[in-house]
Amino acid sequence: MAKISPLMIAPPAIFAAFVILAGVGMFRPDKDNLPSTFVGRPAPPVVLGELPEKPTFNDETLKDGNVKMVNFWASWCAPCRVEHPNLTALAEDGVPLYGINYKDDPNAALKFLDELGDPYTGLGTDRTGRDTATNWGVYGIPETFVIDGEGTILLRFPGPVTQRVIEQRIRPALDAAESN
């Protein structure tokens, strides 16, 4: 009888493990929701540079008693351009929106805002991505956070804010925070 080499079993075993892992990922309850350890915790500190002639914000702003949103964005980010009209609409509806410009040239950021409009109540920059974004667990932009009046993160949404996201995720989080 021929002996089967472990090298012959390894490729099918690795493939089977991959199929099981992919299956678990595909059938988890909410495929669009990436878990965040920050939800339910105080917002991490913000360490921001300033954009010329734009109002900035700080840690105390996040604890001002009002529900608000914090959005990480950049002028070079195509999904940021896509979500911008939706953020503008939220700001026009009275939602305070604070922006953190991520790994961007300040002149390019200002040009982006001049072209598309500035929906932000306050702005700051994180030129290296290590000052604030790392503390907030940001690993891709755009990312948006809903913050309650005491500075607690209620929702983290990675990706562009679309109408569907507003209706299904952001508005419910804002409404729940307002009712508390």
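**The disulfide, strand 4 and the core around them**

Let me start with C80, which is buried, with a relative accessible area of 2%. Before I go further, please keep in mind that this is a predicted model, and that everything I describe is computed from that model.

C80 is joined by a disulfide to C77, with a sulfur to sulfur distance of 2.4 Å, and the count of disulfides here comes to one. C77 is buried too, because its relative accessible area of 4% falls under the 20% that we take as the limit for a buried residue. As for the handedness of this disulfide, the torsion about the S-S bond of C77 and C80 is about 80°, and therefore the disulfide is right-handed.

Let me now turn to strand 4, which covers residues 143-147. How much of strand 4 is buried? Five of its five residues are, so the strand is largely enclosed by the rest of the structure. In a regular strand, as a general matter, side chains alternate between the two faces of the sheet. In strand 4, E143, F145 and I147 point one way while T144 and V146 point the other way, and all of these residues are buried.

Which strands pair with strand 4? One of them is strand 1, residues 68-73, which pairs with strand 4 in the antiparallel sense over five bridges, and there N71 stands opposite T144. Another is strand 5, residues 153-158, which also pairs with strand 4 in the antiparallel sense over five bridges, and on that side T144 stands opposite F157. T144 can therefore serve as a landmark when you look at the model, since N71 of strand 1 is opposite T144 and F157 of strand 5 is opposite T144 as well, with the pairing defined by bridges between strands. Strands 4 and 5 form a hairpin with five residues between the strands, and in this hairpin G151 takes a positive phi near 90°. Strand 5 is largely enclosed by the rest of the structure, because five of its six residues are buried.

Next, the largest nonpolar core. This core holds 44 residues, of which M69, V70, F72, W136 and I170 touch the most other members. Among the elements that give two or more residues to the core are strand 1, helix 2, strand 4, strand 5 and helix 5, and helix 5 gives the most, with six residues.

W136 deserves a closer look, and if we leave aside residues up to four places away in sequence, its contacts include F38, L62, V70 and F72, as well as F145, I147 and I153. A little further along, V138 is found in the loop between helix 4 and strand 4. Is V138 buried or exposed? V138 is buried, with a relative accessible area of 10%. Leaving out the same span of sequence neighbours, up to four places away, V138 touches F72, A133, E143 and F145. V138 and Y102 are 36 residues apart in sequence, and their C-alpha atoms are 9.9 Å apart in space.

Finally, the largest pocket, in which about 150 Å³ of space lies. Its lining includes G65, N66 and V67, then D148, G149 and E150, and also A173, A176 and A177. Helix 5 gives the most to this lining, with four residues, and helix 5 is also the element that gives the most to the largest nonpolar core.

How values were computed. Residues numbered from 1 in each chain as written. Predicted model: local features only at pLDDT ≥ 70, side-chain atom pairs only at ≥ 80, totals over all residues. Heavy atoms only, no water. Buried < 20%, exposed > 50% of the residue type's maximum accessible area, 1.4 Å probe, protein only. Pairing = 2+ DSSP bridges. Disulfide = S-S within 2.5 Å. Core = buried A, V, L, I, M, F, W, Y, C linked by side-chain atoms within 4.5 Å. Contact = heavy atoms within 4.5 Å. 1 Å grid on protein atoms, 1.4 Å probe; cavity = no way out; pocket = protein on both sides within 12 Å on 5 of 7 lines; lining within 4 Å. Points joined across faces, edges and corners; volume = space filled by probe spheres on them.
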